[in-house]
Amino acid sequence: MRTLRGFAAIAAIVVMTAFAASAQTNLTTLDGASVNIQSQNGKVVVLAIGAGWLPLSEQQAGFANTLAKRYAGKNVVVYFVLTDSNRPGSKNYASNDDLRKFASDRKLSVTVLRDPDGAATLKKFRVEQVPSFVILNRSGALAGEPFGGIDPKYDITIAISKAIDGLL
């Protein structure tokens, strides 16, 4: 009987873990609105995951704008996800005003979302480095490996566009 209870407990943990892993990911805009990035009504979702303190995020912002412009009017939505901490005193702390300034200075034309410390996106979508790009298919599932890092000499939008085009 103990073995059966132990097995049932382990099965319950596995089911709960699987459910948690497949749970929707909600992030907030800098104005406090909640956005469910995995429930976008059949759209391909591109996440540019960066940080306001990271110099390469400036170039990443340009790439995000390029992708948004290229896919305007199509079933593609691009978000810029900032992983700066929202805890004052934290090494990578940035207020919403700091992040608004980041977006304004870089002329971001996409919705900016906040994921403090990257807790919701980095682990869930297997992002190993920032900056990165992640593509979610029309069902909200990860579509391939993240595009990690940015080489200033390479236009990463070419590879990302090929991946998006394969999902449309």
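Biologist: Leaving aside its neighbours within four places in sequence, which residues is V46 in contact with?

Modeller: Contact means heavy atoms within 4.5 Å. By that criterion V46 meets L67, V76, V77, V78, Y79, F133, V134, I135 and I164. This is a predicted model, in which local features need pLDDT of at least 70, side-chain atom pairs count only at pLDDT 80 or more, and totals for chains, interfaces and linings use all residues. Residues are numbered from 1 along each chain as its sequence is written, and side-chain values use heavy atoms, with hydrogens and water left out.

Biologist: What makes the largest nonpolar core a core?

Modeller: The term denotes a set of buried Ala, Val, Leu, Ile, Met, Phe, Trp, Tyr and Cys residues joined through side-chain atoms within 4.5 Å; buried means under 20% relative accessible area (1.4 Å probe, protein chains only). The largest such set has 26 residues, and V46, L67, F80, L108, F133 and I164 touch the most other members. A second, separate core of 14 residues includes L27, I37, L113 and L136.

Biologist: Why are β2 and β7 said to stand at the edges of the sheet?

Modeller: Strands are DSSP runs (E, at least two residues), numbered from the N terminus, and two of them pair if DSSP finds at least two bridges between them. The open sheet has the order β2-β1-β5-β4-β3-β6-β7, with mixed pairing. β2 (34-36) and β7 (147-148) each have a single partner strand, so one side of each lacks a neighbour in the sheet.

Biologist: How do you know that β3 and β4 pair?

Modeller: Seven bridges join β3 (residues 44-50) to β4 (residues 76-82), and the two run parallel. In β4, V77 is the bridge partner of V45.

Note on methods: Helices (H or I, at least four residues) and strands (E, at least two) are DSSP runs, numbered from the N terminus. Buried means under 20% relative accessible area, exposed over 50%, partly exposed in between (1.4 Å probe, protein chains only).
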